[in-house]
Amino acid sequence: MKVLGRLSSHNVQKVMWCAAELGVPVERIDVGGKFGGNKESAYLKLNPNGVVPTLIDRDTVVWESNTILRYLCNTTSGTLYPAAAPERSEVERWMDWQLTTLVSGMVPLFQSLVRTPKEQQQPEQIARHRDVSAAAMQIVDARLAHTHYLAGDAFTLADICIGPSVYRWFALPIVREEFTGLKRWYDAVARRPAFREQVMVGLS
């Protein structure tokens, strides 16, 4: 099994973290960003969007990071993706929320602070993205005031989906509210070896 994508991508990070938690051996090949290759015809035949990650499992090609997470869980055994509909819906809604709400602030905040030259950064824009991100983190914090993990007492794909963004939230040079539930959760996942190896890799 191969994953095409650079580890500096938060979408690649969550896929690699998931694979490591499941004990699935994966060969990761650097594609995208400074490595390029994602706009070449050979890659576009696999993933017409020209973004990372893309997973190749023998004759099966999977793109969209959350779909890859589901694929990994559906082809292995484990508890990251519950089988029962009520429990699975808890996981699914956070996976969808991550794609629609969490990244709407965190991605432009990260891009503005890390991938934009200092002289081109716009403080007002950064402040706006930070506020949008803080509002999303407040939702997570409120949830974690009542549960150990996002979908309940068990660690699931819901946690893996938001993990890379929360890492960036705590690593970026920004003002942060005192979200005690979020910090407790982050400290817990930061003790997981797979998280440290696949997500806590610096910002670039």
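Tutor: Axes are lines fitted to C-alpha atoms, for helices over the stretch in contact, and angles run from 0 to 180 degrees between N-to-C directions. The model discussed here is predicted, with local features requiring pLDDT of at least 70, side-chain atom pairs counting only at pLDDT 80 or more, and totals for chains, interfaces and linings using all residues. Residues are numbered from 1 along each chain as its sequence is written, and side-chain values use heavy atoms, without hydrogens and water.

Student: At what angle do helix H5 and H6 pack?

Tutor: Helices (H or I, at least four residues) and strands (E, at least two) are DSSP runs, numbered from the N terminus. H5 covers residues 123–144, and its axis and that of H6 are 12 Å apart. The pair is oblique, being neither under 35 degrees (roughly parallel), nor over 145 (roughly antiparallel), nor 65 to 115 (roughly perpendicular). The packing angle is about 125°.

Student: How are H4 and H6 oriented relative to each other?

Tutor: Helix H4 spans residues 85–114 and helix H6 spans residues 157–171. Their axes come within 9 Å and cross at roughly 15°. That angle makes H4, with respect to H6, roughly parallel.

Student: Is the crossing of H4 and H6 left-handed or right-handed?

Tutor: A crossing is left-handed if the near helix is turned anticlockwise from the far one by less than a right angle, and right-handed if clockwise. The crossing of H5 and H6 is left-handed. For H4 and H6 the crossing is left-handed.

Student: Which residues does UniProt assign to the feature "domain: GST C-terminal", and how far apart are the end C-alpha atoms of that span?

Tutor: The feature comes from an unreviewed UniProt entry, which places it at residues 84–204; such annotations may be inferred rather than shown by experiment. In the model, this span is 69% helix and 0% strand. The C-alpha atoms at the ends of residues 84–204 are separated by 39 Å.

Student: Which two residues are joined by a cis peptide bond?

Tutor: The omega angle of this bond is about 5°. One partner, proline 53, sits in the loop between helix H2 (41–46) and strand S3 (54–57). The cis bond joins valine 52 and proline 53.

Student: What is phi of arginine 58?

Tutor: Arginine 58 belongs to the loop that runs between S3 and strand S4 (60–63). Its phi is positive, in a residue other than glycine. The value is near 55°.
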